[in-house]
Structure formats: structure tokens, C-alpha cells
2 protein chains.
Amino acid sequence: MGRNRATLADVARLAGLSKTAASMVLNGREGTRLSAEAHQRVFAAAEELGYRPNVAARSLRTRKTATIAFVSDIVATTRFAGGLIRGALDAARERDHVLLITETQGDAAFEQYAIEAMLDRQVDGVIYAAMATRRLAVPPAILGGPVVLLNATSPVQLQLPCVLPDDERAGAMVAETLLAQGHRDRIALIGRNRQKESDPEISLAAEARLRGIRSTLAATGVTLLVEGFCPEWLPEHGYAATRRLLDRPTRPSAIICMNDRLAFGAYQALGEAGLTIPGDLSVISFDDDPIASWLRPGLSTAALPHEQMGRRAVELLLDGDAVGPSFVPMPLRRRRSVAAPAG
Amino acid sequence: MGRNRATLADVARLAGLSKTAASMVLNGREGTRLSAEAHQRVFAAAEELGYRPNVAARSLRTRKTATIAFVSDIVATTRFAGGLIRGALDAARERDHVLLITETQGDAAFEQYAIEAMLDRQVDGVIYAAMATRRLAVPPAILGGPVVLLNATSPVQLQLPCVLPDDERAGAMVAETLLAQGHRDRIALIGRNRQKESDPEISLAAEARLRGIRSTLAATGVTLLVEGFCPEWLPEHGYAATRRLLDRPTRPSAIICMNDRLAFGAYQALGEAGLTIPGDLSVISFDDDPIASWLRPGLSTAALPHEQMGRRAVELLLDGDAVGPSFVPMPLRRRRSVAAPAG
DNA sequence: ATGCTCTGCTAAATCAGTTTAGCGACGTAG
DNA sequence: CTACGTCGCTAAACTGATTTAGCAGAGCAT
């Protein structure tokens, strides 16, 4: 890989100057007294030789590598990871940085290994990302340098900068959307889950979304008609919860699903029951999973702003001296699954 | 990030030996005549100081970084990328390597930039990945060192090692599955697409899948009842193609979909038409997208072995001196969408 | 006593940059 | 005429590892 690359010494020789001069010119150092002509000669030589500095040599001296570690529990392999990584990649490129990506798979030994591998390579900072928005314990090893938590917070005393989706506001928007269409006392919700709501190490989203929904409804004097519990946020549980909903005497006019996979299950149950969306029932949800746009009708949902979040993490890491959480808004994708309640 | 790390000189000093001795012991060099006691002392000192070598310094000398570049067109951000990266990450870790990931977004300038950034960092090799299985032009810059193409081939004369899913065999398995259930002359297919089938720079999968299906059916004297064309392999096109299928006089007993997203569209159309799967019609497909397991009934599909592929790419890069393509089998996920044709 | 080999170890060069300290020439002020 | 400052540039140290070349001492044969 890249043998015969020109070195700084080659550039200096061709320019008829010292390595020092060449280095200073190429780094655009202020306050050197090198002549305009010297600048010219160095640039010309570098250009001619196609010179590119050796990052290893440079970082040996400077302790900077223009490399960021992106460590995640398991995020890199999930659908959600894509956006996070893409956003981080874009922001990193804009700042001439590069991403070293690892996954811990939630395994302490792997995590230890991954972090050491990153630190051995002198990364300039670490982005520590979680798949599910949650609170997590930060491995002490990375606290020696800049760290940003992505889709996660840390126990309060650390006050690390972190990037989170604004789930509470999203909950409010979802509720507002239904209220605006005239839904009132027949709004159901599926996806309640005690574990997710009470244990911040499992999820921060559940509680925040619920809080946003409830407070917004409450402001108009509305309370939820039913709240369906689900052991996981998967289609099959959305399906089961929706069937339970339909067995009740009062049929809801709208269903809020805690995420799109539940909503997918709801669509299946409603389809089987011969009910149409949004004619008989409106459905609205969270995440903007790709299936949301594939469903018929398209599912209205508050999108997890993954790209924005990944981008923000890099920005905070490199530019900022931020402390505490930075919330990224979740835009509402309006599709066809919400309408006014039937007669 | 990681200041005050112990250096090799620190270890040597504590062990009462020279840097040379320490280096040799820690690298397990054969044929040195260092005493057993010297080994002990070095190991003890390294342990005590928590010594970890500085990769930048080492690679400056050795020109090895234990780092692999993973460059993709756009793969890193898609659902499919997850498995590819995960497999590569696992295999890399097993060999004590780390992955530098970039995305070119199909943009030549970005690609140029990404590759230079990787080479500047002295990566030991490059994995060049494509989102859609296809043939691509390899940027000359990376040909200086080891390269493996992932989910892609290169124009023949290069003979680069590459990793591809075995789509033809998958097509055969899909056809065999239907034949085994007794389907014969009412097998339909949706997802024909002239562009994908004829331009290897767009897709290699379409043509291979089709070839596997056709030759297997032909061996039993069967030909496809209908072949539905789709401008893209998206749910809406699967939906439209399936509706067209149902408008024909002879209703198919089974539908082969060129991928799972088309199959999702087919499910939607069949559901609307009041047809049940697999009672009225069997459906079978390719990819094993997550939705395949979410559908009701679960969709039988030939899985893209992303993790295996990512893993194989790293193995070929580091261990092998392979030439040409390496095919990874696509396992058939048998779910409930296939049954014997109705009476 | 001399020369030779073998053992156990080390000094110093090297990789490719950055950075510190300072040198010689020239101009100007006293 | 000398002292001093500025200009334009460079030698050499430094980063932390690997690797080459070779040294000192012990043991043995001649």
C-alpha cells in the first residue's frame, strides 16, 4: 500500500530548501518569514511530486491523527445505524477527519478491546453510540480525551456532551396532529412497556414520548382511551395489541404506536379486521423506519433524525466544548394514515 | 487522548534492559538469545506499566497499521450494510485489525478524497464494497496494495479477489422449493427489469437469479406462466405488478418475487384482493430483508449472507492470495408463505 | 597465550514528519 | 565604527517504535 510516496525531504530537496521550510509552508504557519518565492517553490515541488504527508509520522510528533473513534454497542449493524454513521461520516469529511468504527456487541471484553485498539491508534476523540436511546455507563478508559455520547446519556455527575433525539417534543407533535384532526376521547395508544419506561438504561425514548403525548392531550383536557402494553416493540406485538383494542366495546378513532414496527403490526390487524386507514381509524407513530413509507397508506410518523444526530456528534466533538445533552428535533413525516375521525 | 502512556523505553528501564531487548521480547521474536529471566522481567515491567505500543510509531517503521480501509459507494448507510460491516468487523477483530470506514456516495471527488485519506493513514489493505451486487470500475489509486471487492466484481482483466452472493444457486433453490411443493405451470414471477438484467454495472443479481430459476424449472420441463416487469424493486411496483397478475384469466399458484420489497407489495395486493397466503397463492423471494419475518405469514426467502460476505472479504484480504470471485451461499429461510397449490 | 565460537545483550540508525533554537547577512541607529 | 534588530532560512532534536550491526565476556581448542 503506497510505497514510493514522496516524502517531505523530497519536496524540500526539489524546492532547494530545508525540511523545516517545506513543513512550515505546507502547514501554512503564520509568522514565518519565508519569502513569497520560497512558498512558490515548495508548493510547486509538492504538486509536482504529488506529495501527501504520512499521517503516522505526523501524529507521532503532534499526537493528532485526524481520526475519530466511533464505538457503538451494536448500532453499526442495525438499520438505524446507517443514518448515524452517514451523518458522522459527512461531518467528519468536512473537517478532514476519518472514522475508525468498532462495535462492542454489548460485551465488556469486546468493549475493552475495542477501546484499547482505538487509543493505541491515538484517535483524537471518541463517539460512543448506543442503538437504543438510553443511559449508559461510560468506560473510564475513554475519559482521558474528548468524548461525545450519541443517542445516549451518562449518569449525571459526568456531564458529558451527548446527542439525543427530542422524543418528548415528538410525542407532543404526534398528539397535536391528532387533536388538529379533531380526535378527542377515542385515542388509543399501543406500546406501553414498564421496563422501557422505567429503566433509563434500557430506553429513554419510551418515557419521553409518553410524557409529550400525555401533557399535550392533557392541555386540551383529553386522556387516552386505552393504553395497550407490549412486551417488545415488534410487529407481532403491535398486531396482538391492536386485536385486543378491537375486541373492546368502544372502537378507537386513532391509534398512536410507540414505534413503526408496532404500527406495521397494527396495519396487519386492521387489514384483517376489514378496517381501512385512515377512513375507519387513523394511525400515527414514531421512528420513520423505511417501512413507514412502504405501507399503504403511508404511515405518518415522527422521524428519528439519525443523520443529523451523527453529524451533531462530530461537531460537538471537534468544534465544541459543550456540556450536557443536545436535543435534535424529530421532524414529523406527514403521510396518509391520519384523517378526521369517522362521523 | 491517552497522554502519559508508558513507552517502550519506560518498560526497558523498569526491566533493567535495553529498548531492543524489550522490543524483541514483546514481539516474541524467534532466534534472539535473550534469557528466560530477561523475558520475565520485560513481561513483568510491561504488565506493571500497562504498556501498550504506540501504533503510529510502530507503523512509521514497519509500514503496517493493522488497519483496513472499508470504502463503499453508499453501502454503509443502508440496511444491507449492517451485516457486511458487522461481518468485516468480527473477522477484523479476530485478526487484531481495525476498520477505517468511508463512503463515496457514488461521487468521484468524494471517492478520490476518501481513498487518499485512507492511503495517507497507511492502511494495510482496502475493501471496496458496493451496495448493489454489481460490476464496478476500481480506482487505480488503491491497486498499489491488497484489495478485495465486496458485493462487486471488476472488469475481467484485473482478476481482483471479490466476494459475491451466489444468486444463481439461490434462484435454483427458490425454483426447487416451488417444484417440491407441486407447483408446475402456474408459477409467476415479478421483478423483471431489462436494465438490471443487462447492465452488470447496475446489477449482477437480477440476471443470475433469473438464470437459476429458469434453468431449474426447465430441467423439469416447466416455464414461467407470466413475468411481470417492474421499473424498480420497490413495494409499490410489486403491488402494481401483482395487481396486473391478478387481472389475467389464469391465476398463478405461486409468485416468485425478485426481492422482498416487491414481495411486500405483492402481499399488499393479495390482501386487498382477499386472497390468502399460502392458501390461495404461495409467495417466495430473495434477500431476507427484516420485513420478511414481520410479514404475516412469514415470507420464505433466499437470504443475502451479508455477515458471511463481510467476514470473507477480510479473510481474503489478510490471509489469502485469492484471485477472482468467491461465492457465498444464500441460505433459504423457510417460513410459511409457501405451500402446495390449491386443489 | 592466542584465536575462535557462542551467548546475551545493546548502541545507534531508521521511519517521516514537527518544532526549537539559532545562524549569517544586511540595514540602521548611536 | 560598532551594536543591535530584522530578515530569511536551517541544523538538529524529538516523537516511539523496529532493526541492523556489533560488543563484551565465557568457554574451549590449539
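Domain bounds here come from an automatic or database domain assignment.

**Figure 1. Chain A splits into three domains.** This is a predicted model, in which local features need pLDDT of at least 70, side-chain atom pairs count only at pLDDT 80 or more, and totals for chains, interfaces and linings use all residues. Residues are numbered from 1 along each chain as its sequence is written, chains are lettered from A and ligands numbered from 1 in the order in which they are written, and side-chain values use heavy atoms, leaving out hydrogens and water. Domain 1 of chain A takes in 8-53, domain 2 pairs 67-165 with 307-328, and domain 3 runs over 167-304. Taken over C-alpha atoms, the centres of domain 1 and domain 2 of chain A sit 37 Å apart.

**Figure 2. Chains A and B go round a two-fold axis.** Turn chain A by 180 degrees, with 0.0 Å of shift along the axis, and it lands on chain B with an RMSD of 0.1 Å (least-squares superposition on the C-alpha atoms of residues with pLDDT of at least 70 in both copies). That is the relation of a two-fold axis. Both copies use the same surface, with 98% of the contact residues of chain A recurring in chain B (contact means heavy atoms within 4.5 Å).

**Figure 3. A close look at DNA strand C and its protein surroundings.** There are 28 residues around this strand, and the closest are A:Leu8, A:Ser23, B:Thr20, B:Ser35 and B:Arg63 (near means that a residue has a heavy atom within 4 Å). The side chain of A:Lys19 puts an N or O atom 3.1 Å from a base nitrogen of strand C, and that of B:Arg33 does so at 2.9 Å. B:Ser18 works through its backbone instead, with a polar atom 2.8 Å from a phosphate oxygen of strand C (polar contacts are pairs of N or O atoms within 3.5 Å).

**Figure 4. DNA strand D meets side chains from both protein chains.** Nearest among its 28 surrounding residues are A:Ser35, A:Arg63, B:Leu8, B:Ser23 and B:Arg61. Sugar and phosphate make up 55% of the strand D atoms that come within 4 Å of the protein. A:Arg63 has a polar side-chain atom 2.5 Å from a phosphate oxygen of strand D, while for B:Tyr51 that spacing is 3.2 Å. B:Arg61 goes for a base, its side-chain N or O atom lying 2.6 Å from a base oxygen of strand D.

Terms used. A polar contact is a pair of N or O atoms within 3.5 Å; within protein, one must be able to donate a hydrogen and the other to accept it, and residues adjacent in sequence count only if both atoms are side-chain atoms.
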